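Please open the model in your viewer and keep the selection tool at hand. We will go from stop to stop, and at each one you will be told what to select and what to look for.

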Amino acid sequence: MSTAVQTGLRYSEEHEWIDTDAAPAKVGVSKVAADALGDVVYVDLPEVGATVTAGETCGEIESTKSVSDLYSPVTGTVTTVNDDVADNPALVNEDPYGAGWLFTVEVETEGPLLSAEEYAQKNDVTL
């Protein structure tokens with residue numbers, strides 16, 4: 001069971017996480033978001049080579065409860081998408097910080113991002 005917020009990552013207000021220590025940067029959704037969504041049944045990810053813009057919609061995540069927009073935490077070019085998540089969307093629930101990552105991006109500029117501590121406090125969860 002993964003923790004609600006993983007240290008070492010940064011988070012957007014919309015619940016996406018980004019690992020900018022990786023090159024290219026890896027993006028996913030937080031466990032807080034995955035838990036709120038419920039069982040994820042479909043993900044619509046940006047295309048490889050697409051330009052994503054910080055704070056703007058770049059895909060969708062569909063669960064048994066609702067359809068939610070996926071927002072990019074940074075501006076840049078998508079370099080890979082996680083085909084495993086496309087084939088098995090439940091990975092977002094099972095391992096949001098590991099196998100459930102969504103896409104990688106060559107970062108041009110970052111949007112407003114929160115530290116793990118700030119994100120945990122804002123969402124009233126522990127690290």
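How many of the five residues of strand E3 (residues 25–29) are buried? Select residues 25–29 and look at what surrounds them: four of the five are buried, so strand E3 is largely enclosed by the rest of the structure. Here buried means under 20% relative accessible area, exposed means over 50%, and partly exposed lies in between, with a 1.4 Å probe and protein chains only. Strands (E, at least two residues) and helices (H or I, at least four) are DSSP runs, numbered from the N terminus.

Before moving on, keep in mind that this is a predicted model, in which local features need pLDDT of at least 70 and side-chain atom pairs count only at pLDDT 80 or more, while totals for chains, interfaces and linings use all residues. Residues are numbered from 1 along each chain as its sequence is written, and side-chain values use heavy atoms, with hydrogens and water left out.

**The partners of E3**

Add strand E2 (residues 16–19) to your selection, and you will see that E2 and E3 run antiparallel and are joined by four bridges; two strands pair if DSSP finds at least two bridges between them. Isoleucine 18 stands opposite valine 27 in E3, and a hairpin of five residues leads from E2 to E3. Next select strand E9 (residues 103–110), which pairs with E3 in the antiparallel sense over three bridges, with valine 105 in E9 as the bridge partner of alanine 25. Strand E8 (74–81) also pairs with E9, again in the antiparallel sense, over seven bridges, and there threonine 80 has threonine 104 in E9 as its bridge partner.

**An open sheet**

Now select E4, E6 and E7, which form an open sheet of three strands in that order, with antiparallel pairing. Strand E4 (40–44) and strand E7 (67–71) stand at the edges with a single partner strand each, so one side of each has no neighbour in the sheet. On average, neighbouring strands of this sheet are turned by 25° against each other, direction ignored, where the axes are lines fitted to C-alpha atoms (for helices over the stretch in contact) and angles run from 0 to 180 degrees between N-to-C directions. Strand E6 (residues 57–63) is joined to E7 by five bridges, and threonine 57 has tyrosine 71 in E7 as its bridge partner.

**The nonpolar cores**

Which residues have the most contacts inside the largest nonpolar core? Select Ile61, Leu70, Val92, Leu102 and Phe103, which have the most contacts within this core of 23 residues. A nonpolar core is a set of buried Ala, Val, Leu, Ile, Met, Phe, Trp, Tyr and Cys residues joined through side-chain atoms within 4.5 Å. Leaving aside neighbours within four places in sequence, isoleucine 61 is in contact (heavy atoms within 4.5 Å) with residues including Val29, Tyr42, Leu70 and Leu102. Apart from this core lies another, of eleven residues, among them Leu9, Tyr11, Trp101 and Ala116.

**Two loop residues**

Finally, select serine 12 and glutamate 13: is each of them buried or partly exposed? Serine 12, in the loop between E1 and E2, counts as buried at 3% relative accessibility, whereas glutamate 13 is partly exposed, with a relative accessible area of 41%. The side chain of glutamate 13 makes a polar contact with the side chain of lysine 122 at 3.1 Å; a polar contact is a pair of N or O atoms within 3.5 Å, and within protein one must be able to donate a hydrogen and the other to accept it, while residues adjacent in sequence count only if both atoms are side-chain atoms.
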